[in-house]
Amino acid sequence: MKNLWLFQTAPDGLPKKRQAAFWLWNLGILLAAGVCLGGLSLFFAYGDYPDIIMGSYFRHPLLLLLNLAPVVLLLALLYAALGRSWAAFLLTGAVVWGLSLGNYYKLRFRDDPLMFQDLQNLRDAAAITAMADYDLTPDKRVWFGLGCLLLGTAILFFFVRGRLPKQPRIALLLAAALLWGPMWWACADKNLYESKTDNMAQFDDLERWSSTRLYLSKGFIYPFLHSVTAGAVKPPADYSEAETRALLESYVPQDIPEERQVDLIVLQLEAFADFSLFDGAEGIDFDRAYGVYHQLEEESFTGNLVTNIFAGGTVDTERGFLTGFADQRNYRANTNSYAWYLRSQGYAAEGCHPSYEWFYNRLNVNRYLGIPDYYFIENRFRDLYPHGEAPDEILFPEILRLYEANRDGGGAPYFSFNVTYQGHGPYSTEDVWRGQHFTDGRYSTETANIVDNYLGSVMDTAEWLRWLFDRFRQEERPVVLVVFGDHKPWLGYSNSAYQELGVNLELSSEEGFYNYYATRYLIWANDAAKKSLGGSFTGEGPDVSSCFLMNLLFDQLGWKGNAWTQATNDIWQEIPVLTDVGRYVRNGELTADLDGEGQRVLKTYLDLQYYYSTHFQYD
């Protein structure tokens, strides 16, 4: 038995040819184990999406290579370093399968894949998962993955024993390290990612306009590694700093005339959307759910807000509004924003989010974006509501109290930016909040409970909006309120409730695109503001991206703004909807293909965005 290759633990006494064969056998088994581990990551890559995605990976050799090669190389590096095949496999599996499992659950809960930048917010993700009461119970796929990992470790422990000699280990280490460079370049290459590994054409039911589905079409390990460099701030192609600076300097910054200064109260409503706009959704009492909100819309300037996100990613919308940037990043230093501009005009800036200050690092990022005083659970709402995240009945009166404190304590013009929490999913499938039922019994119990809970929250938020509007009607100072939803809500795993309601989420169609990405905005002014500004602030406004909502607001207020605002006004007039999912509104039509002039305008915006986001101009 001692001469059997499979169980040999000390082959030094074997002839050289037998020793070489022994180590080739071991390395072959190790290579197969690495391929299997990479295949396991692909098995988890597509979450609850159709199995056709899994099959597509194996019909695209380059895509398959880019998902498997990093796993094999990592395994080879660890084997060369540790000398134990089972230990190298276990460590590699912990990394690869751990990330794959995180991606699997994130897809289930948020319809959003795991990216490298998410690892910087692990604390946020863990807390959100705990508070949202997501079901982390392992399913058959999770148990299968764990079983594969343990079985692979056991096989290598018992059948691939022995320690690779020093010289072959050094050779393996060098070879793996040298191959890692080209592999990393391939994973980072934008052209390779966007064109040469395009796997979307194989699917009838997957739309390239979904960033989630585009990510999934490429597996997991490959797009995850690509996100490492894709998240870095890079200048656009053919960017000229001198030309962009000259363009901005061609605009003359304008102060806000004293007679046109108004107090601005902004409310970004968590997951707030108008379901009555869905075609085909029947058996739901939309009049009761949205009656109050529609009354407020009738006395406001309203329209569609087109976001980049669905069922999550709140900060993309809020930071797009505050900065005017279509592309968001993890802010780590003071960055130009509309809040900084308003403060330069003498405005006081503050706001509230009745959740924890470390969610999305808001405590620091809000300061970087020019809002020095911001109120969270830790520094305000815990005393007002000791049960966790405060609902709207706590938040809205506090927004009013803060406004009145500023008014009575010095009277500086006021900018208040607030983000609600009440509408945050998931919504219970077992009971109904406050006994509010809006569905008529034709839907499954799970879907009915989800929808009833969501619409109950919507109706309550609208009531508190009316309460706040009524308080500001009586205010002698001019006040303008801006209200918008950040994204469409989560409605069941794999969008189950949307499917049962018959809501079109096919992103290849205009209806599906708006159902997926659009919320509503409204701009309301009290009588004092209408008098000082000379506008009615009523009617239907244009469709606009979250990054251009401030441009629209400035236009309604009659403010010219600084050079950035004026330059992007020219952009906004040409492309009012500009998303990071490759869809635009140009000449009144939703399109994925901009004409020559549209491409030029888009290029100008991207240059301006990069320059303005990397050259802070305020003291």
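Trainee: Which helix gives the most to the lining of the second largest cavity?
Mentor: That's α18, residues 445–473, with four residues in the lining. Keep in mind that we're looking at a predicted model here.
Trainee: OK. Which residues line the second largest cavity overall?
Mentor: The lining is made up of Leu-269, Glu-270, Phe-272, Asp-392, Thr-420, Gln-422, Gly-423, Tyr-454, Ser-457, Val-458 and Thr-461.
Trainee: And how does that lining split by class?
Mentor: You get five polar residues, four nonpolar and two charged.
Trainee: How much space lies in there, in the second largest cavity?
Mentor: About 60 Å³.
Trainee: How many cavities does a search of the whole structure find?
Mentor: Two, counting those of 30 Å³ or more.
Trainee: Back to α18 for a sec. What's in the loop between β5 and α18?
Mentor: Pro-426 is found there, with β5 covering 414–419. The peptide bond joining Gly-425 and Pro-426 is cis, with omega at about 0°.
Trainee: Nice. Switching to helix packing: at what angle do α3 and α10 cross?
Mentor: Roughly 75°, and their axes come within 8 Å. For reference, α3 is residues 61–82 and α10 is residues 221–230. Angles of 65 to 115 degrees count as roughly perpendicular, so that's how α3 and α10 sit relative to each other.
Trainee: Which residues make the contact?
Mentor: On the α3 side, Leu-63, Leu-66, Asn-67, Pro-70 and Val-71. From α10 you have Ile-221, Tyr-222, Pro-223 and Leu-225.
Trainee: How do the residues of that contact divide, nonpolar, polar or charged?
Mentor: Eight are nonpolar and one is polar, with no charged residue in the contact of α3 with α10.
Trainee: What about the loop between α10 and α11, which residue should I look at there?
Mentor: Try Asp-238, which lies in that loop, ahead of α11 at 241–249. Phi of Asp-238 is near 60°, so to speak on the positive side, in a residue other than glycine.Trainee: Last topic, the open sheet of three strands. What's the strand order?
Mentor: β10-β11-β12, with antiparallel pairing. The edge strands are β10 (577–578) and β12 (589–591), each of which pairs on one side only.
Trainee: How many bridges join β11 to β12?
Mentor: Three, with β11 being residues 584–586. As one example, Val-585 has Leu-590 in β12 as its bridge partner.

Notes
Residues are numbered from 1 along each chain as its sequence is written. This is a predicted model: local features need pLDDT of at least 70, side-chain atom pairs count only at pLDDT 80 or more; totals for chains, interfaces and linings use all residues. Side-chain values use heavy atoms; hydrogens and water are left out. On a 1 Å grid over the protein atoms alone, a cavity is a set of points where a 1.4 Å probe fits but cannot get out, and a pocket is an open set with protein on both sides within 12 Å along at least five of seven lines; lining residues have an atom within 4 Å of a point. Grid points are joined across faces, edges and corners, and a volume is the space filled by probe spheres set on the points. Helices (H or I, at least four residues) and strands (E, at least two) are DSSP runs, numbered from the N terminus. Ala, Val, Leu, Ile, Met, Phe, Trp, Tyr, Cys and Pro count as nonpolar, Asp, Glu, Lys and Arg as charged, and the others, Gly among them, as polar. Axes are lines fitted to C-alpha atoms, for helices over the stretch in contact, and angles run from 0 to 180 degrees between N-to-C directions. Angles under 35 degrees count as roughly parallel, over 145 as roughly antiparallel, 65 to 115 as roughly perpendicular and the rest as oblique. Contact means heavy atoms within 4.5 Å. Two strands pair if DSSP finds at least two bridges between them.
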